[in-house]
Amino acid sequence: MADMDDLDERFAALTSQIEREERRRMSKAAAKEWSRLPRNRRRRKWWIASFTVFALVAVAGLVVTYRPEALTSARDALSARPPGVPGAGDGLPGGPVPEETTPVEASPVPEETTPVGVEPVPVSPFAGSPAEDYADGAKGLVTPEAKATGGLSRGDVAAALKRTRDMLVASHLDHRTLMGGRPTALARLLIPEQREWFLRNLDNRKPKKGDFNTRHWVTSLAPKTAELTTDVIKVNGRTKYAAFRENGRTGARITVKYLFVYAIRRPGHPEHTERVIVRSLGEVLAYRENGELVLWPVRWNAGSVTGVRCDIDDGFAHPVYDDSVPDKELAKATGAPIDPYQLDRESREEDCTIASRT
């Protein structure tokens, strides 16, 4: 019995040591996962606290899961008890279990039990996020029914809605523009006067008074910083219009509010995917002048971008990865985290805010 007590103590000491090792391992894992979160979109510390509680509650199971050999060794030690000590392997009192006199032949394994190779089901890079249920690409840009409005005919309104939709496609879905190229797709859709202004101020690092860097009118990933995990871009939102009268002009005021969600990864690293979420707000005036239908964007691609750096303002989206350097604007972020998937949330004045998820 003394030997059994000694084995129990050894087993308890072994599992206690494993528990301490697992707690240290889980703490290191939690810190590692924390550092991988986007620096300017980091979750609050409650996540680490919940992770630690989970580690303490589950540690007994972790002994089995991560160190099965520990229990195997202890089981073998208990089964190798000294002669004369009764145990579960003994038969009736007074002697061991008699040996089998008739050998038992092993039955062949049925064909049904033969392992069958199954191709893994691909997981969508949008799984687990609201974007999983969004429409694919331009299918998410649904325009309302056109009606005569503000002195414009039904045909004029229909043409204005189509042109506005085309501008959204050019600004957020055009591959060349998205990968940091020249946004000629959008430039072609602007009237000559505005096109000249747009191209003159494209990538303008020192805008003059009254102008700005028109790269902000489109979604462009900074060159060589990202590649698309999938060609699918998730889109959700709406287009509205109403009559307007302003500066002697009448027509239709078209407002757009959309979310564009991109699955990206660092070039050459297919093992990890991030998501970038663009909340795009726009306003376009449609009216007739000198017999021609004019579309004039008074606001375009306002809103926000989530999953990118705040401390680089060159008009491009610079994605945040798990090994990105700290964001210099992060310390200035205030207020509660925002949900980037909330289309109708109120806009915040801060240049950099914390997002609850991507």
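Asn 301 is buried, with a relative accessible area of 14%. The cut-off for buried is under 20%, so Asn 301 falls on the buried side. Keep in mind that this is a predicted model.

Stay with Asn 301. The residue sits in strand E6. Its phi is positive, about 55°, although Asn 301 is not a glycine. Most residues other than glycine have a negative phi.

What does Asn 301 touch, leaving out residues up to four places away in sequence? There are His 172, His 216, Trp 217, Val 218 and Thr 219. Then come Val 278, Ser 280 and Leu 281. Take Val 218 from that list. Asn 301 and Val 218 are 83 residues apart in sequence. In space, C-alpha to C-alpha, they are 6.7 Å apart.

Now a second positive phi, for Asp 203. Here phi is near 60°, and again the residue is not a glycine. Asp 203 lies in a loop, between helix H8, 192-200, and strand E2. Buried or partly exposed? Asp 203 counts as partly exposed, because its relative accessibility is 28%.

Step back to the whole chain. It has 358 residues, and 36% of them count as buried. There are 8 helices and 6 strands. From the N terminus, the order is α-α-α-α-β-α-α-α-α-β-β-β-β-β. So much for the order; now contacts. Take those with a separation of 6 or more: 63% come from residues 24 or more positions apart.

Next, the strands. Start with E4, residues 249-265. Why call E4 largely enclosed by the rest of the structure? Because 12 of its 17 residues are buried.

E4 has several partners. One is strand E3, residues 234-246. The two run antiparallel, joined by 13 bridges. Lys 240 stands opposite Thr 255 in E4. E3 and E4 also form a hairpin, with 2 residues between them. In that turn, Asn 247 has a positive phi of about 50°.

Another partner is E5. E4 and E5 run antiparallel too, with 14 bridges between them. Ile 264 stands opposite Glu 274 in E5.

Then there is strand E2, residues 227-228. E2 pairs with E4 in the antiparallel sense, over 2 bridges. Glu 227 faces Arg 265 in E4 as its opposite residue.

From E5 we move on to E6. Their pairing is antiparallel, over 12 bridges. Glu 289 stands opposite Glu 292 in E6. This is a hairpin as well, with 2 residues between the strands. Asn 290 in that hairpin takes a positive phi near 55°.

On to helix H5, residues 154-172. H5 has 19 residues. From first C-alpha to last, the helix reaches 27 Å. That is close to the 27 Å expected at 1.5 Å a residue.

Which residues of H5 are buried? Early in the helix, we have Asp 156, Val 157, Ala 160, Leu 161 and Thr 164. Further along come Met 167, Leu 168, Ala 170, Ser 171 and His 172. An α-helix has 3.6 residues a turn, so residues three or four places apart point the same way. And where do the buried residues of H5 pack? They pack against helix H6, 175-178, and helix H7, 184-187. They also pack against strands E3, E4, E5 and E6. His 172 we have met already: it is buried in H5, and Asn 301 touches it.

Last topic, the largest pocket. Its volume is about 970 Å³. The lining has 34 residues. Which of them lie nearest the centre? His 216, Gly 303, Ser 304, Val 305 and Asp 351 do. His 216 is also among the residues that Asn 301 touches.

By class, the lining has 12 nonpolar, 11 polar and 11 charged residues. Strand E5, 274-289, and strand E6, 292-306, each supply at least two residues of the lining. E6 gives the most, with 6 residues.

To close, back to E6. The strand holds the buried Asn 301. E6 pairs with E5. And E6 gives the most residues to the lining of the largest pocket.

Terms used:
Residues are numbered from 1 along each chain as its sequence is written. This is a predicted model: local features need pLDDT of at least 70, side-chain atom pairs count only at pLDDT 80 or more; totals for chains, interfaces and linings use all residues. Side-chain values use heavy atoms; hydrogens and water are left out. On a 1 Å grid over the protein atoms alone, a cavity is a set of points where a 1.4 Å probe fits but cannot get out, and a pocket is an open set with protein on both sides within 12 Å along at least five of seven lines; lining residues have an atom within 4 Å of a point. Grid points are joined across faces, edges and corners, and a volume is the space filled by probe spheres set on the points. Helices (H or I, at least four residues) and strands (E, at least two) are DSSP runs, numbered from the N terminus. Ala, Val, Leu, Ile, Met, Phe, Trp, Tyr, Cys and Pro count as nonpolar, Asp, Glu, Lys and Arg as charged, and the others, Gly among them, as polar. Buried means under 20% relative accessible area, exposed over 50%, partly exposed in between (1.4 Å probe, protein chains only). Two strands pair if DSSP finds at least two bridges between them. The expected span of a helix is 1.5 Å times one less than its number of residues. Contact means heavy atoms within 4.5 Å.
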